[in-house]
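Thanks for coming. I will go through one structure today, starting with a pocket and then moving to the sheets. Please have the sequence and the model open in front of you.

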Amino acid sequence: MAHDSSMLDGTIASIDAAVRSLGLEDDMRQVLVEPWREIQVGLPVRMDDGKVRVFHGYRSQHNAARGPYKGGIRYHPNADLDHTRALGMLMTWKTALADVPFGGAKGGVIVDPRKLSTSELNRLTRRYTMSMHHVLGVNRDIPAPDLGTNAQTMAWIMDAYGSIHGHTPGIVTGKPIELGGSLGRAEAPGRGAAVIGCRAIVDSGSTPGASTVAVQGFGAVGASAARTLFDDGAKIIAVSDVDGAILNTSGLDIPALERLVSEGGTVSDYADADALDNDALLLLDCDVLIPAAIEDVISVQNASDVRAGIIVEGANRPITSDADEILVEAGINIIPDILANAGGVVASYFEWAQNVQVFNWELERVNRELDKKMNEAYDVTKARADKNGSSMRKAAFDVAVSRVAETIKIRSYVG
Ligand code: NAD
């Protein structure tokens with residue numbers, strides 16, 4: 001069976017390619033590839049049955065040349081150190097490409113959060129925060145939600161951190177509005193992906209109104225991307241969640257689907273569509289495919305069968321490096337994760353800025369500034385791709401790596 005290289009290998013390969021095309025020296029490469037600090041902790045938690053379980057938790061602080069470390073915390077059975085490190089690296093390039101004043105980091109706890117009660121998750125999150133608080137801070141490292149964590153998790157972190165350092169809303173982003181969260185933050189990664197998707201559609205000579213779209217994953221990113229593209233006139237023909245996929249070539253009613261899911265349903269409960277095999281969604285004949293669920297869903301096993309013209313990476317690393325080569329060779333325009341889903345960290349930056357200034361923005365301002373940042377990131381990436389005749393992923397990494405390398409040089413960071 002063909003085998004794809006690991007997510008960490010793939011991420012480092014993208015950095016290496018940028019190092020080569022930018023003509024950076026090997027000394028700089030080492031500084032760019034190595035995480036600047038990593039913490040590994042054992043997290044003893046008293047479970048509801050009275051027994052103690054020790055969970056493994058990580059924070060990989062990859063690079064802070066451009067500002068405080070920034071990145072989510074993932075609760076997932078696969079959230080080991082290698083995985084966390086790869087995701088932390090991606091954050092460095094994402095913040096640099098979006099041109100927000102942060103570095104990159106990621107946190108992880110090896111746990112299936114669905115198997116813990118709310119009070120167990122609360123205790124686990126507080127233990128994690130207490131074990132990490134000395135390396136976190138408004139100007140040091142600012143976590144956010146990721147897979148398996150949410151606004152409630154951020155509220156627990158803020159509360160635990162505040163019990164030592166005093167009331168500090170800016171210590172996390174993606175928190176509840178009542179605690180200083182930002183309007184529009186939850187929808188931002190999906191909205192940003194849609195903004196970028198529309199740009200790619202227009203550059204392909206079409207319009208959103210004439211385009212068909214398939215979206216894998218109907219969570220925070222997928223549902224918001226689908227909704228924004230639906231509002232822009234695109235025909236969303238298929239969506240999926242972990243339980244199944246649905247197809248209607250005449251177009252799905254996305255607001256109705258959103259209502260259904262918010263009331264506790266799954267996408268398969270939607271009546272006006274045919275059931276579809278979950279994996280088949282990725283191979284549909286459509287203009288735009290948005291994988292917005294998990295990693296590695298397009299691999300060497302299925303890459304040759306993908307028929308979309310444009311792929312917008314709503315999720316982080318949904319395409320393995322080996323599959324990426326096959327898709328680029330086939331002429332598919334891939335909008336890479338560090339560009340496509342950067343709306344999340346851009347809105348996190350706005351949330352942090354509001355917290356630091358103790359001044360809340362209206363939704364209209366958040367969305368206007370988000371769209372501006374996303375368009376700027378698209379412009380700089382597209383211009384570089386056109387100039388060098390490269391893929392959008394290659395161009396995005398070139399821009400991001402050159403920005404981080406430049407800052408490292410100006411700081412004279414190397415001791
Ligand atoms: P989420 O948990 O809100 O939603 C995930 C969705 O994917 C759910 O609908 C789930 O049912 C579905 N799903 C899971 N496995 C699936 C499978 N095998 N097939 C089809 N659907 C499946 O998560 P999210 O916040 O939307 O994150 C999705 C991806 O986007 C992740 O890779 C995450 O790292 C990335 N991301 C999230 C943000 C953010 O701020 N939320 C920002 C940037 C990137």
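How do the residues of the lining of the second largest pocket divide into nonpolar, polar and charged? The split is six nonpolar, five polar and six charged. Before I go on, please keep in mind that this is a predicted model.

Let me stay with that pocket for a moment. The second largest pocket holds about 280 Å³ of space. Its lining has 17 residues, and those closest to the centre are A13, S14, A17, D324 and R393. Three elements give two or more residues to this lining: α1, residues 7-22, α9, residues 321-329, and α13, residues 392-411. Which of the elements gives the most to the lining? That is α1, with five residues.

Now the sheets. I take the five-stranded one to begin with. This sheet is open, its strand order is β1-β2-β4-β3-β5, and the pairing is mixed. At the edges are β1, residues 37-46, and β5, residues 141-145, and each of these pairs on one side only. On average, neighbouring strands here are turned by 25° against each other, with direction ignored.

Look at β4 in this sheet, residues 104-110. Is β4 mostly covered or mostly open? Mostly covered, since buried here stands for under 20% relative accessible area, and six of the seven residues of β4 are buried.

What are the partners of β4? In the order of the sheet, β4 sits between β2 and β3. With β2, residues 52-63, the pairing is antiparallel and uses six bridges. In that pairing, S60 stands opposite K106 of β4. With β3, residues 69-76, the sense is parallel, and there are four bridges. For two examples from β3, Y75 has V109 of β4 as its bridge partner, and H76 stands opposite I110. The connection between this parallel pair includes a helix: β3, then α3 at residues 81-98, then β4, and together they make a right-handed β-α-β unit.

A short stop at one residue outside the sheet. N122 lies in helix α4, residues 118-132. Is N122 buried, partly exposed or exposed? N122 has a relative accessible area of 22%, so it counts as partly exposed. N122 and A155 are 33 residues apart in sequence, and their C-alpha atoms are 9.7 Å apart in space.

On to the other sheet. This one has seven strands, again open and with mixed pairing, in the order β9-β8-β7-β6-β10-β11-β12. Which strands stand at its edges? They are β9, residues 274-276, and β12, residues 333-335; each has a single partner strand, so one side of each is left without a neighbour in the sheet. The average turn between neighbouring strands is 20°, direction ignored.

Within this sheet, please look at β7, residues 235-241. Six of the seven residues of β7 are buried, so that strand is mostly covered. On one side β7 pairs with β6, residues 212-216, in parallel and over five bridges. Q216 of β6 has S240 as its bridge partner in β7. Here too the parallel pair belongs to a right-handed β-α-β unit, made of β6, α7 at residues 220-231, and β7.

The other partner of β7 is β8, residues 244-247, and that pairing is antiparallel, over four bridges. V239 of β7 is matched by I246 in β8. A hairpin of two residues joins these strands.

Towards the edge of the sheet, β11, residues 310-312, runs parallel to β12 and is joined to it by three bridges. The bridge partner of I311 in β12 is I334.

Last, two residues with backbone angles to check. R317 has a positive phi of about 50°, although it is not a glycine. R317 is in the loop between β11 and α9. S412 is also a residue other than glycine with a positive phi, near 55°, and its place is the segment after α13. Which of R317 and S412 is buried, and which is exposed? R317 is at 4% relative accessibility, so it counts as buried. S412 is at 55%, so it counts as exposed.

That is what I wanted to show. Thank you.

Key
Residues are numbered from 1 along each chain as its sequence is written. This is a predicted model: local features need pLDDT of at least 70, side-chain atom pairs count only at pLDDT 80 or more; totals for chains, interfaces and linings use all residues. Side-chain values use heavy atoms; hydrogens and water are left out. On a 1 Å grid over the protein atoms alone, a cavity is a set of points where a 1.4 Å probe fits but cannot get out, and a pocket is an open set with protein on both sides within 12 Å along at least five of seven lines; lining residues have an atom within 4 Å of a point. Grid points are joined across faces, edges and corners, and a volume is the space filled by probe spheres set on the points. Ala, Val, Leu, Ile, Met, Phe, Trp, Tyr, Cys and Pro count as nonpolar, Asp, Glu, Lys and Arg as charged, and the others, Gly among them, as polar. Two strands pair if DSSP finds at least two bridges between them. Axes are lines fitted to C-alpha atoms, for helices over the stretch in contact, and angles run from 0 to 180 degrees between N-to-C directions. Buried means under 20% relative accessible area, exposed over 50%, partly exposed in between (1.4 Å probe, protein chains only). A crossover is right-handed if, with the strands pointing away from the viewer, the path from the first strand over the helix to the second runs clockwise.
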